[in-house]
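Student: Please take a close look at one part of this model, namely the side chains around its salt bridges. I should like to know how that part is placed in the chain as a whole.

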Amino acid sequence: MAAKTRCRVAYRGTGLRQDPCVLDTLISVTCFMQGDEARPWWHYTAERKARLARGRSDGA
C-alpha cells in the first residue's frame with residue numbers, strides 16, 4: 001500500500017486528521033511487515049511529506 005493511501009485510510013478510519021507522527025509510524029510498521037529493515041518512524045517523515053505534497057498537486 002502506498003504511503004499516500006495509508007495516510008488516507010488513517011484519516012478515514014477515525015474521521016479525524018491524524019498527527020503526522022502517527023502516519024509516519026503506520027508507514028514504518030507497514031514497510032517492516034512487508035519485509036523492509038526495521039527503522040524508526042522519523043525515517044519516513046520525508047517520504048510522507050513528499051507523497052502528500054504530490055497528492056495535493058495532482059488533485060488527489
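Tutor: The structure holds zero disulfides, a disulfide being a pair of cysteine sulfur atoms within 2.5 Å. Cys 21 is partly exposed at 34% relative accessibility, whereas Cys 31 is buried at 8%; here buried means under 20% relative accessible area, exposed over 50%, and partly exposed in between, with a 1.4 Å probe and protein chains only. This is a predicted model, in which local features need pLDDT of at least 70 and side-chain atom pairs count only at pLDDT 80 or more, while totals for chains, interfaces and linings use all residues. Residues are numbered from 1 along each chain as its sequence is written, and side-chain values use heavy atoms, with hydrogens and water left out.

The framework may be set out before the details. The protein chain contains three helices and zero strands, and its order along the sequence is α-α-α. Helices (H or I, at least four residues) and strands (E, at least two) are DSSP runs numbered from the N terminus. Of the 60 residues in the protein chain, 23% are buried. The accessible surface of the protein chain comes to about 4,100 Å², and carbon and sulfur atoms account for 58% of this; such areas come from the Shrake-Rupley method with a 1.4 Å probe, and for residues only the protein chains shown count as cover.

Now to the charged pairs. The count of salt bridges is three, where a salt bridge is a side-chain nitrogen of Lys or Arg within 4 Å of a carboxyl oxygen of Asp or Glu. One of them joins Arg 48 to Asp 24, with 2.4 Å between the closest N and O atoms. This pair links distant parts of the chain, since Arg 48 belongs to helix 3 (residues 45-57) and Asp 24 to helix 2 (residues 20-33), 24 residues apart. Asp 24 counts as buried because its relative accessible area is 0%, and Arg 48 is likewise buried, at 8%.

The surroundings of Asp 24 deserve attention. Neighbours within four places in sequence being left aside, Asp 24 is in contact with Trp 41, Tyr 44, Thr 45 and Arg 48, contact meaning heavy atoms within 4.5 Å. The salt-bridge partner Arg 48 is therefore also among the contacts of Asp 24, as the 4.5 Å criterion covers heavy atoms. For the protein chain as a whole, 43% of the contacts between residues at least 6 apart in sequence join residues at least 24 apart.

Trp 41, one of the contacts of Asp 24, also takes part in an aromatic pair. The count of aromatic pairs is one: Trp 41 and Trp 42 lie edge-to-face, 5.5 Å centre to centre, with 85 degrees between the planes. Rings of Phe, Tyr and Trp (its six-membered ring) pair if their centres lie within 6.5 Å, and planes under 30 degrees apart count as stacked, over 60 as edge-to-face and the rest as tilted. Trp 41 is partly exposed at 32% relative accessible area, whereas Trp 42 is exposed at 55%.

His 43 is located in the loop between helix 2 and helix 3. The relative accessible area of His 43 is 42%, so this residue is partly exposed. From His 43 to Ile 27 the C-alpha to C-alpha distance is 9.7 Å, with their positions 16 residues apart in sequence.

Two further salt bridges complete the set. Glu 47 pairs with Arg 51, with 3.2 Å between the closest N and O atoms. Both residues lie in helix 3, four residues apart, or about one turn of the helix. Glu 47 is partly exposed at 23%, and Arg 51 is also partly exposed, at 30%. The other salt bridge brings together Arg 39 and Glu 37, at 3.9 Å from N to O. Arg 39 is partly exposed at 34% relative accessibility, while Glu 37 is exposed at 55%.

A nonpolar surface feature may be set beside these charged pairs. Val 29, Phe 32 and Met 33 form a nonpolar patch with about 330 Å² of accessible area together. Patches are made of residues with over 30% relative accessible area and no salt bridge, like charges being joined within 9 Å and nonpolar side chains (Val, Leu, Ile, Met, Phe, Trp, Tyr) within 5 Å. Phe 32 is in helix 2 and is partly exposed at 46% relative accessibility. Helix 2 is also the place of Asp 24, which is buried at 0%.
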